[in-house]
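Thank you all for making the time this morning. I would like to walk through one model, moving from its surface to its sheets and then to a few details of the backbone.

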Amino acid sequence: IFFRVVIMPLEKVAEGIPSLSSPTFNKEGVLHVCCTQSGAVYKVVDGSLQEVLNTHGQPASLCFDPNLGTLYVCDLVHQAILREEEEDQGSGQQPLLAEWVTEHEGRLLRGPAAMVFDSTGNVFFTDSGPMGDTTIANPKASVYYIACDASLLQPLALECLAHASGLALSPDGQVLYVCETMNNRILRFAQRPSGVWHMSVYFNFSGGLGPIACVCDNMGALYVARYDFR
């Protein structure tokens with residue numbers, strides 16, 4: 001079974017800022033979003049958007065470390081994953097961001113699109129650059145793995161994908177799903193044995209531009225957000 005259709009009423013939790021993306025909850029359950037136009041990261045408080053920090057770039061997605069609560073931002077302009085530094089609680093200033101990952105084997109990243117943590121602190125992220133940088137004619141997007149102690153940056157798929165974007169882990173952490181937007185499909189990376197990942201095509205869509213985000217629930221059901229130009 002590939003899809004479970006759930007029809008639920010929509011609830012608007014905040015509005016007023018254009019180009020919002022990557023709704024993400026922190027450890028305390030507070031919803032955060034980012035604005036690709038202004039570079040701002042907001043938290044939603046009582047229906048309003050409060051700016052937390054600004055990357056002064058183009059944030060593509062947000063992710064919180066599930067254990068430490070640290071905020072990470074994938075930014076296309078900085079071509080890096082940025083990490084929130086510890087803030088002085090009494091300073092009243094926005095938290096600082098520092099570059100966490102910028103290159104692989106001496107080559108700059110194209111622009112990280114999305115990332116996800118597993119339960120032990122390992123990180124997976126896609127690197128595709130801005131829309132149009134990696135296409136069917138120029139499939140140079142990658143998927144990377146970072147060990148929990150940041151000692152190893154390993155490609156799972158190196159410069160061979162057409163705009164890899166959103167990604168999600170199965171509840172047991174043994175399967176990684178990746179949206180390959182420009183090929184209009186979902187890829188599946190299965191881990192067996194430990195540390196060895198095998199890539200295959202999980203599902204091909206028809207129509208529209210392609211999938212851009214996905215998530216797994218606690219039962220392992222996969223939900224996919226698809227995009228098309230308007």
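Before the surface, one term has to be fixed: a residue counts as buried under 20% relative accessible area, as exposed over 50%, and as partly exposed in between. What you see is a predicted model, and that should be kept in mind throughout.

With that cut-off, Met 131, which has a relative accessible area of 42%, is partly exposed because its value falls between the two limits. Met 131 sits in the loop that connects strand S12 (123-127) with strand S13 (141-146), and, together with Ile 212, Tyr 227 and Phe 229, it makes a nonpolar surface patch of about 380 Å².

Let me turn to the sheets, beginning with the one that contains S1. Here four strands form an open sheet in the order S1-S2-S3-S4, and the pairing is antiparallel. Strand S1 (20-25) and S4 are at the edges with a single partner strand each, so one side of each has no neighbour in the sheet. From one strand to the next, the twist averages 30°. As a reminder, strands of a sheet pair through backbone hydrogen bonds, either parallel or antiparallel.

Going through the pairs, S1 is joined to strand S2 (residues 31-35) by four bridges, the two running antiparallel, and within that pair Ser 21 stands opposite Cys 34 in S2. Strand S3 (residues 40-45) and strand S4 (residues 48-54) are likewise antiparallel, joined by six bridges, and there the bridge partner of Val 44 is Leu 49 in S4. The hairpin of S3 and S4 has two residues between the strands, and in it Asp 46 takes a positive phi near 50°.

That brings me to a point on backbone geometry: most residues other than glycine have a negative phi, and most peptide bonds are trans. Against that background, Ser 19, in the segment before S1, has a positive phi near 60°, and this residue is partly exposed, at a relative accessible area of 30%. His 56, in the loop between S4 and strand S5 (59-64), has a positive phi near 55°, and with a relative accessible area of 68% His 56 is exposed. As for the peptide bonds, the one from Arg 192 to Pro 193 is cis, with omega near -5°, and Pro 193 is found in the loop between S17 and S18.

Those last two strands belong to another open sheet of four strands, whose order is S15-S16-S17-S18, again with antiparallel pairing. Its edge strands are strand S15 (164-169) and strand S18 (197-204), each of which pairs on one side only, and the twist in this sheet averages 25° from one strand to the next. Strand S17 (residues 185-191) pairs with S18 in the antiparallel sense over seven bridges, and Phe 189 stands opposite Met 199 in S18.

Is Tyr 177, in strand S16 (residues 175-180), buried or exposed? Tyr 177 is buried, with a relative accessible area of 8%. Leaving aside neighbours within four places in sequence, its contacts include Leu 167, Ile 186, Tyr 202 and Cys 214. By contrast with those contacts, Val 73 lies 104 residues from Tyr 177 in sequence and 20 Å away in space, C-alpha to C-alpha.

Finally, the salt bridges, where a side-chain nitrogen of Lys or Arg must come within 4 Å of a carboxyl oxygen of Asp or Glu. How many salt bridges does the rule give? The count comes to four, and I will describe some of them. Glu 15 and Lys 12 meet through their side chains at 3.2 Å, N to O, and both residues are exposed. Glu 159 and Arg 107 form another salt bridge, at 3.5 Å, N to O; Glu 159 lies in strand S14 (residues 153-161) and Arg 107 in strand S10 (residues 107-108), so this pair ties together parts that are 52 residues apart in sequence. In that pair, Glu 159 is partly exposed at 27% relative accessibility, while Arg 107 is exposed at 54%. The salt bridge between Glu 180 and Arg 185 has an N to O distance of 2.5 Å, and Glu 180, at 1% relative accessibility, counts as buried.

Note on methods. Residues numbered from 1 in each chain as written. Predicted model: local features only at pLDDT ≥ 70, side-chain atom pairs only at ≥ 80, totals over all residues. Heavy atoms only, no water. Pairing = 2+ DSSP bridges. Axes fitted to C-alpha atoms, helices over the stretch in contact; angles between N-to-C directions. Patch = residues over 30% accessible without salt bridge, like charges linked within 9 Å, V, L, I, M, F, W, Y side chains within 5 Å. Areas by Shrake-Rupley, 256 points an atom, 1.4 Å probe, with all protein chains shown as cover. Buried < 20%, exposed > 50% of the residue type's maximum accessible area, 1.4 Å probe, protein only. Contact = heavy atoms within 4.5 Å.
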